[in-house]
Amino acid sequence: MGHIKEENLGLLDYLLDQHDYAMLVKLLQKEGAPASLQAFARLGQALVQGNLAVIDKLAQELDQDQLLRPEALEQATYAAYRALQIQLKRQEYGDYFRALTPILVNIFRLIFEKRVMPQLDQFIEPIKKEDIDGRHLYRGLQWKQSRVEASDNIVNQTFHRYYGDHFNYDQYLSSSHLLKLITDHSQDKDLVAKATRMRAVEKYVRNLSAHEVVFVDQAWVKERGQLSLEEINHLLGELMTLADLKDQDQLNALSKINKEIKQGLGV
């Protein structure tokens, strides 16, 4: 069993409550805590950051195999969701909304893949482009024109309906594209309504906070998005469930890590 000085117990509780694992690692190192507890803190940090390579490594070392179940896209989405919950708890509202677009793209993608089109990945390709130094860097995901236009598939049908013959394949995968696909091809009216409402939040709340320096508080969010922060976050949780992202081991991973650390320290 580890130990921690009594005068640092309050700091320990605060860092655990705020999920500030970077500072927690430093505290545990300073206190000479067992290496396994320091590893749990690093695992917590990786879970918040979405560092999948570190998650895989530490989860195996610490016998937390339940964290290895989801595929990479799902793991990354769980990580983004956990980070959003922390930002909401810390009242970091601007950061919360700036981080909304990537997770929304993932959720819409998973919803469409699981509920409508399991072979969706065949229509998407990773893109690398040269930077100013000539390096080929990954830039994002785009629709694969040759695959989309190869047949009268549902992606082609939707793009032709909304964009005619002028869809811009240089655009990166967006929630707007995916929402159109969900709207056109899902029979679940409740799902379509919830996805449409969240896309409106992204459009009217997130986009301004991401591209201009603005003060984001609860009143500003409600005025622009017509939903409270709590309602928006609840809606996000419902979309996670609709994307079949309801693994309790993933959703409660940070609570379990905190418990392991406190028990290991005898707190």
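Two residues are taken to be in contact when heavy atoms of one lie within 4.5 Å of heavy atoms of the other. In the predicted model described here, this criterion applies to the meeting of helix 7 and helix 10, where Leu104, Val105, Phe108, Arg109, Ile111 and Phe112 in helix 7 meet Ser175, Leu178, Leu179, Leu181, Ile182 and His185 in helix 10. By class, the residues of this contact divide into nine nonpolar, two polar and one charged. The axes of helix 7, which spans residues 100-115, and helix 10, which spans residues 175-185, come within 9 Å and cross at roughly 30 degrees. Since angles under 35 degrees count as roughly parallel, helix 7 is therefore described as roughly parallel to helix 10. The crossing in which helix 7 passes helix 10 is left-handed.

The chain as a whole contains 15 helices and two strands, and its C-alpha atoms fill a box of roughly 70 × 45 × 40 Å when taken along the principal axes. Of its 267 residues, 48% count as buried. Among the contacts that join residues at least 6 apart in sequence, 61% are between residues at least 24 apart.

A second helix pair is formed by helix 11, residues 189-211, and helix 13, residues 229-242, whose axes come within 10 Å and cross at roughly 135 degrees. Helix 11 and helix 13 are therefore oblique to each other, and helix 11 passes helix 13 in a left-handed crossing. On the side of helix 11 the contact is made by Leu191, Lys194, Ala195, Arg197, Met198 and Val201, and on the side of helix 13 by Ile232, Leu235, Leu236, Glu238, Leu239 and Leu242. This contact of helix 11 with helix 13 comprises nine nonpolar, no polar and three charged residues.

The interior of the model was next examined in terms of its nonpolar cores. The largest nonpolar core has 51 residues, and those with the most contacts inside it are Phe97, Ile107, Phe108, Trp143, Met198 and Leu239. At least two residues of this core are supplied by each of several helices, namely helix 5 (72-89), helix 6 (93-98), helix 7, helix 9 (154-163), helix 10, helix 11, helix 12 (218-225) and helix 13. The largest share, nine residues, comes from helix 7. For Phe108, leaving aside its neighbours within four places in sequence, the residues in contact are Ser175, Leu178, Leu179, Ile182, Ala195 and Leu239. A second core, separate from the largest one, has 28 residues and includes Ala33, Leu43, Ala46 and Leu67.

Individual threonine residues illustrate how the surroundings vary along the helices. Thr101 is found in helix 7 and is buried, with a relative accessible area of 18%, a value under the 20% that sets the limit for burial. When residues up to four places away in sequence are not counted, Thr101 touches Glu202, Arg206 and Asn207. Thr241, by contrast, has its place in helix 13 and counts as partly exposed at 41% relative accessibility. The C-alpha atoms of Thr241 and Leu208, which are 33 residues apart along the chain, are separated by 27 Å.

Towards the N terminus, helix 1 covers residues 9-18, and its buried residues are Leu12, Leu15, Leu16 and Gln18. The elements that cover these buried residues include helix 2 (21-30), helix 5 and helix 15 (253-264). Just after helix 1, His19 takes a positive phi of about 55 degrees, although His19 is not a glycine. Most residues other than glycine have a negative phi. His19 is found in the loop between helix 1 and helix 2 and counts as buried at 16% relative accessibility.

A further positive phi, near 60 degrees, occurs at Asp63, which is likewise a residue other than glycine. Asp63 has its place in the loop between helix 4 (52-61) and helix 5, and Asp63 is exposed, with a relative accessible area of 62%. The two loop residues with positive phi values described here thus fall on opposite sides of the burial scale, His19 being buried and Asp63 being exposed.

Notes. Residues are numbered from 1 along each chain as its sequence is written. This is a predicted model: local features need pLDDT of at least 70, side-chain atom pairs count only at pLDDT 80 or more; totals for chains, interfaces and linings use all residues. Side-chain values use heavy atoms; hydrogens and water are left out. Axes are lines fitted to C-alpha atoms, for helices over the stretch in contact, and angles run from 0 to 180 degrees between N-to-C directions. Helices (H or I, at least four residues) and strands (E, at least two) are DSSP runs, numbered from the N terminus. Angles under 35 degrees count as roughly parallel, over 145 as roughly antiparallel, 65 to 115 as roughly perpendicular and the rest as oblique. A crossing is left-handed if the near helix is turned anticlockwise from the far one by less than a right angle, and right-handed if clockwise. Ala, Val, Leu, Ile, Met, Phe, Trp, Tyr, Cys and Pro count as nonpolar, Asp, Glu, Lys and Arg as charged, and the others, Gly among them, as polar. A nonpolar core is a set of buried Ala, Val, Leu, Ile, Met, Phe, Trp, Tyr and Cys residues joined through side-chain atoms within 4.5 Å. Buried means under 20% relative accessible area, exposed over 50%, partly exposed in between (1.4 Å probe, protein chains only).
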